[in-house]
Amino acid sequence: MGKSLILLCVAALVSACSSYSPTACEGGAAPNLDEGQAVSTAGLRQGGGVIVSVGVLPSARPAASSAGGGACAPDPNLYRLLLSMDNGAMQTVDVDNPTFFPNERVEVTGDGRVVRLSTYKLGAKS
């Protein structure tokens, strides 16, 4: 019984720490969770691929001009995606969206967007 309770507590803690909820600081409209914008398109190769890993670049987001100096600021971090492309190449893309996960299929577009092509839905039957 003791081990089960500990495992349950650990699982609850992990799930609570890994959720993403848009805040009021991110603007009136909800962010598009199906895509992220690459910070730089220099050297970016477009095409399909799979996310191998996701890393956090703390405080790496370029400072945006603040119009009103509100009480809270947008997420200061960027997120580095390591992609295994369909053509066998590997590439990294720094994006502004924290909702990407390893093993997700994405498409890198010519205008610097990383678009999620597949999502895992809880309770979905395969």
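**Close-up views of a predicted model**

**Figure 1. Asn103 sits in the loop between E4 and E5.** This view, like the others, is taken from a predicted model. Phi of Asn103 is near 75°, a positive value in a residue that is not glycine. Is Asn103 buried or exposed? Asn103 counts as exposed because its relative accessibility is 68%, and the cut-off for exposed is over 50%.

**Figure 2. The whole protein has one helix and six strands.** Read from the N terminus, the order of the elements is α-β-β-β-β-β-β. The protein has 126 residues, of which 21% count as buried. About 8,600 Å² of the protein is exposed, and carbon and sulfur atoms supply 59% of that area. Among contacts with a separation of 6 or more, 57% are between residues 24 or more positions apart.

**Figure 3. Asn97 lies in the loop that links strand E4 (90-95) to strand E5 (105-108).** Asn97 counts as buried because its relative accessibility is 7%, and the cut-off for buried is under 20%. What does the side chain of Asn97 reach at 2.8 Å? The partner is the backbone oxygen of Glu35. The side chain of Asn97 also makes a polar contact of 2.6 Å with the side chain of Thr99.

**Figure 4. The largest nonpolar core has 13 residues.** Leu81, Leu83, Val93, Val95, Phe100 and Val114 are those with the most contacts inside this core. At least two residues of the core come from each of strand E3 (78-85), E4 and E5. Which strand gives the largest share of this core? The answer is E3, with four residues. In soluble globular proteins, nonpolar side chains tend to be buried together.

**Figure 5. Leu81 and Phe100, two residues of the core, are shown with some of their neighbours.** Leaving aside residues up to four places away in sequence, Leu81 touches Ile51, Ser53, Val54, Gln91, Thr92, Val93, Val95, Phe100 and Val114. Arg116 lies over the face of Phe100, 4.6 Å from the ring centre. The structure holds zero aromatic pairs.

**Figure 6. Asp94 has its place in strand E4.** Asp94 and Val39 are 55 residues apart along the chain, and their C-alpha atoms are separated by 5.8 Å. Not counting residues up to four places away in sequence, Asp94 touches Gln37, Ala38, Val39, Leu57, Tyr79 and Arg80. With one of these, Arg80, Asp94 shares a polar contact of 2.7 Å between side chains.

**Figure 7. Thr109 is found in the loop between E5 and strand E6 (113-116).** Thr109 counts as buried because its relative accessibility is 16%, and buried means under 20%. Which side chain joins that of Thr109 in a polar contact of 2.4 Å? The partner is the side chain of Asp111. Thr109 also touches Gln46 and Val115, with residues up to four places away in sequence left out of the count.

**Figure 8. Ser59 lies in the loop between strand E2 (47-57) and E3.** Ser59 is not a glycine, yet it has a positive phi of about 50°. The relative accessible area of Ser59 is 57%, so Ser59 is exposed.

Definitions and conventions
Residues are numbered from 1 along each chain as its sequence is written. This is a predicted model: local features need pLDDT of at least 70, side-chain atom pairs count only at pLDDT 80 or more; totals for chains, interfaces and linings use all residues. Side-chain values use heavy atoms; hydrogens and water are left out. Buried means under 20% relative accessible area, exposed over 50%, partly exposed in between (1.4 Å probe, protein chains only). Contact means heavy atoms within 4.5 Å. Accessible areas come from the Shrake-Rupley method with a 1.4 Å probe; for residues, only the protein chains shown count as cover. A polar contact is a pair of N or O atoms within 3.5 Å; within protein, one must be able to donate a hydrogen and the other to accept it, and residues adjacent in sequence count only if both atoms are side-chain atoms. A nonpolar core is a set of buried Ala, Val, Leu, Ile, Met, Phe, Trp, Tyr and Cys residues joined through side-chain atoms within 4.5 Å. Rings of Phe, Tyr and Trp (its six-membered ring) pair if their centres lie within 6.5 Å; planes under 30 degrees apart count as stacked, over 60 as edge-to-face and the rest as tilted. A charge sits over a ring if NZ of Lys or CZ of Arg is within 6 Å of the ring centre and within 35 degrees of the ring normal.
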